[in-house]
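Hi,

Here is the structure I said I would pass on. Have a look at it first, and my notes follow underneath.

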Amino acid sequence: MRSTNADDIKRGFCKVKRISHAMSVVLTFLCVAYAMACVGLAMRQLLFPLSTSDDFWIWLFSGMRIAFPMVFNALVLLILANVFRSISKGLPLFSIGQSNKIAVVGIIFLLSFFSDLLLSAALIADPQMHLVSFGILPFQEQESIKVNVSTLVGALVCFCLSFAFRYATLLQELSDDTV
């Protein structure tokens, strides 16, 4: 009976390693494609500015408002690909290193939230705010300060997962010490 359970665990771990390897390859591909799109969009902004204004600061802030989320998303894809690559190599899922990687993803989400908030506020030329947008869906193109709730929720989820992974690591160490 005991060997059957051990065999089942071993087969399950092999499946997890194969799926993690596939996820790592897909996320790495998406990260590279996203980075290439980011470079292409930056080149387009340099050669053919989206803004017709001659004001340098408006051109700079509108370019940063496009580039920052793309860079943040590419970093998130890269870190998640690294997490899955570690799992596919047989490293433990519940470790301090994995917990730290997930916490970094949460920090990137917070940076994305604040950069979008600050850059959208900097782009408003009128001192009176017309509208403050809250939501998860894509925003309408209008002059408003963007408050992207989804990145805030994503940061919260990542921080909770990070703490759960850290707690699971401590429980595993305690279990290993008692056996």
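A residue counts as buried when its relative accessible area is under 20%, and as exposed when that value is over 50%. Keep in mind that this is a predicted model.

With that cut-off, serine 112 comes out as buried, because its relative accessibility is 11%. You'll find serine 112 in helix 3, which covers residues 96-123. Apart from neighbours within four places in sequence, serine 112 touches Phe72 and Thr151.

Thr151 takes us to helix 4, where it is one of the buried residues. The others on that list are Gly154, Ala155, Cys158, Ser162, Phe165 and Thr169. I also checked the length of helix 4 (residues 149-178): at 1.5 Å a residue, its 30 residues should span 44 Å, and the end C-alpha atoms are indeed 44 Å apart.

Now to helix 1. How many salt bridges does the structure hold? Just one, and it joins the side chains of aspartate 8 and arginine 11, at 2.3 Å from N to O. These two are three residues apart in helix 1, so about one helical turn separates them. Aspartate 8 itself is partly exposed, with a relative accessible area of 38%.

Leucine 46 also sits in helix 1, which runs over residues 2-47. It counts as exposed because its relative accessibility is 55%. Leucine 46 belongs to a nonpolar surface patch along with Val39, Met43, Leu47 and Phe48. Together the five have about 550 Å² of accessible area.

Cheers

Methods:
Residues are numbered from 1 along each chain as its sequence is written. This is a predicted model: local features need pLDDT of at least 70, side-chain atom pairs count only at pLDDT 80 or more; totals for chains, interfaces and linings use all residues. Side-chain values use heavy atoms; hydrogens and water are left out. Patches are made of residues with over 30% relative accessible area and no salt bridge: like charges are joined within 9 Å, nonpolar side chains (Val, Leu, Ile, Met, Phe, Trp, Tyr) within 5 Å. Accessible areas come from the Shrake-Rupley method with a 1.4 Å probe; for residues, only the protein chains shown count as cover. A salt bridge is a side-chain nitrogen of Lys or Arg within 4 Å of a carboxyl oxygen of Asp or Glu. Helices (H or I, at least four residues) and strands (E, at least two) are DSSP runs, numbered from the N terminus. Buried means under 20% relative accessible area, exposed over 50%, partly exposed in between (1.4 Å probe, protein chains only). Contact means heavy atoms within 4.5 Å. The expected span of a helix is 1.5 Å times one less than its number of residues.
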